[in-house]
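Good morning, and thank you for coming. I should like to take you through the contact between two chains, and then through one helix.

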Amino acid sequence: MWYHKPVIDEELLRSLPNLKIVSSSGVGIDHLDLKLLSRFGVKVSNTPFAVSTDTADFGMALMLASARRLVEGYQMAVSPDTEYFPGNWLGVKVSGATLGIVGMGTIGYKVAQRAKAFEMKILYHNRNQRNKEEESAVGAVYCKKIDDLLQQSDFVMLAVNLTPQTHKLIGKRELELMKPTATLVNISRGLVVDQDALMEALQNKVIRAAALDVTYPEPLPRDHPLLKMKNVIITPHIGSATEDTRRIMMQDMAESIEAALAGLPVPNEVV
Amino acid sequence: RPTIDRELLESLPNLKVIANSGVGVDHLDLKMISSFGVKVTNTPQAVADSTADMGMALMLASARRLVEGCQIAISPDTEHFAVDWLGVEVTRATLGIIGMGSIGYKVAQRAKAFEMKILYHNRNRRKMEEEQAVGAHYCEKMDDLLQQSDFVLLVVSLSPETRKLIGKRELGLMKPTATLINISRGAVIDQDALVEALQKKIIRAAALDVTYPEPLPRDHPLLKLNNIIITPHIGTATVQAIRMMAEEAITNMLAVLNGQPIPSEVV
């Protein structure tokens, strides 16, 4: 299934008594009622590994674009009104800055691997601490309390999955703990952030900027204030939108479906 | 500014040093300045990280169509996000770095973390340890680099040898799926040839922090293409880099005035 369509509800499942499997593209399964599907004996699969590299790349792309004000700069470079490039127009550095990764799963860890090459100081917060070898390979320091990560980071990157525990994980309190010079980057799910609180924080310069590949809903209503803010970059959920990855995702989905129909163990099954 | 010409130097007989902010000195007539006994310094250390970061930023933004995506995300006409809207991968792609000085090498260090295959072309080959540290393969002939790369990054200094280094022939050697990124100087590329190459899809896209001139005339064809990102020469435009450039320039100036070894004199 793609983009949460069709909506899998009780009515649909009753009308499809022979349904064996719902194969979902991407890694997130927050749009599926797993208990309901299990009740109907329908298996669920996703494509967790196919998306991880591209999504990590895109997290880096958003962080760099926001820090260096790439979209604003582009607009200036092509604007019909531009006569000269101003001298005091500045962004903030990425190399040597502190990156706080919230959610150190496969995607979060790949972000850390990339950020290390920029000599970033890496903090992370996760349900469980990673083992020592994994931590030292990327120079990541565990923050048991998310508050510590928020207070020290120049960039906060959200790479958690959406669950009841991570719903509105970043709200007014968390945003206020962040540095006023900090940037929030979201490559997880829109609902992980309290969007109203984020708007307020950006308007009042409680944080410097935000870069969001995900919002709630997608797309945002066309009159939403976030769309007009200069210190926000929004992209249309393209974290895994590359030709190579889409092909792999399709292959993974087909494999899962074939296995389910053949009564064999299902690769990438979500239990 | 000001333009350093003969008239200015004649009016400043006690001038000892011109301390340039930034690394490029293509705007200075080094022979003429030297004939007045004036030293020239630049700030190679201060610019390296931020410019390398900008190179990576442009490569990622272009590959993943970040600017286009942003436009779709905020456009009043957008009703839903298309599923078949795709960019190209950066991880494990081949990056060809033309000019492997300090900045080029730092780009290689960053690209390595994206598991990129790294090729480079340079006046001189780097030491084996340096190559191995970033997994870079030397291409003595630039043509080899152009033919194999998914991303071509220009990080040379502008000199008579590198002016229009990338022209119609070089663009023709590149893959039709390749991206050209320029963080060096606008004049390194034959801009008219680039316009044609982008219009005819001879290459996939370009991302330029530098053009000639800056800014481009508002009716320039490059501004109308949708497979190009242009940024206003912001490779060193960070709070931190600007401060470091000032500090490095002052250190150089004081060294000249005090008769001490000069950290980054341009000879």
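How much area do chain B and chain A bury between them? The figure is about 4800 Å², with 66% of it on carbon and sulfur atoms; buried area is the accessible area (1.4 Å probe) that two parts lose on being put together, summed over both. On the chain B side, Arg64(B), Leu66(B) and Phe81(B) lose the most area to chain A, together 15% of what that side buries.

A word on the basis: this is a predicted model, in which local features need pLDDT of at least 70 and side-chain atom pairs count only at pLDDT 80 or more, while totals for chains, interfaces and linings use all residues. Residues are numbered from 1 along each chain as its sequence is written, chains are lettered from A and ligands numbered from 1 in the order in which they are written, and side-chain values use heavy atoms, with hydrogens and water left out.

The contact (heavy atoms within 4.5 Å) draws 58 residues from chain B and 56 residues from chain A. Between the chains there are zero salt bridges, a salt bridge being a side-chain nitrogen of Lys or Arg within 4 Å of a carboxyl oxygen of Asp or Glu.

Now to helix α3 of chain A, residues 48-67; helices are DSSP runs (H or I, at least four residues), numbered from the N terminus. At 1.5 Å a residue, its 20 residues should span 28 Å (1.5 Å times one less than the number of residues), and the end C-alpha atoms are indeed 28 Å apart. Because 19 of the 20 residues are buried (under 20% relative accessible area, 1.4 Å probe, protein chains only), α3(A) is largely enclosed by the rest of the structure. After α3(A) comes Arg69(A), with a positive phi near 55°.

Definitions and conventions. Helix = DSSP H or I, 4+ residues; strand = E, 2+ residues; numbered from the N terminus. Buried < 20%, exposed > 50% of the residue type's maximum accessible area, 1.4 Å probe, protein only.
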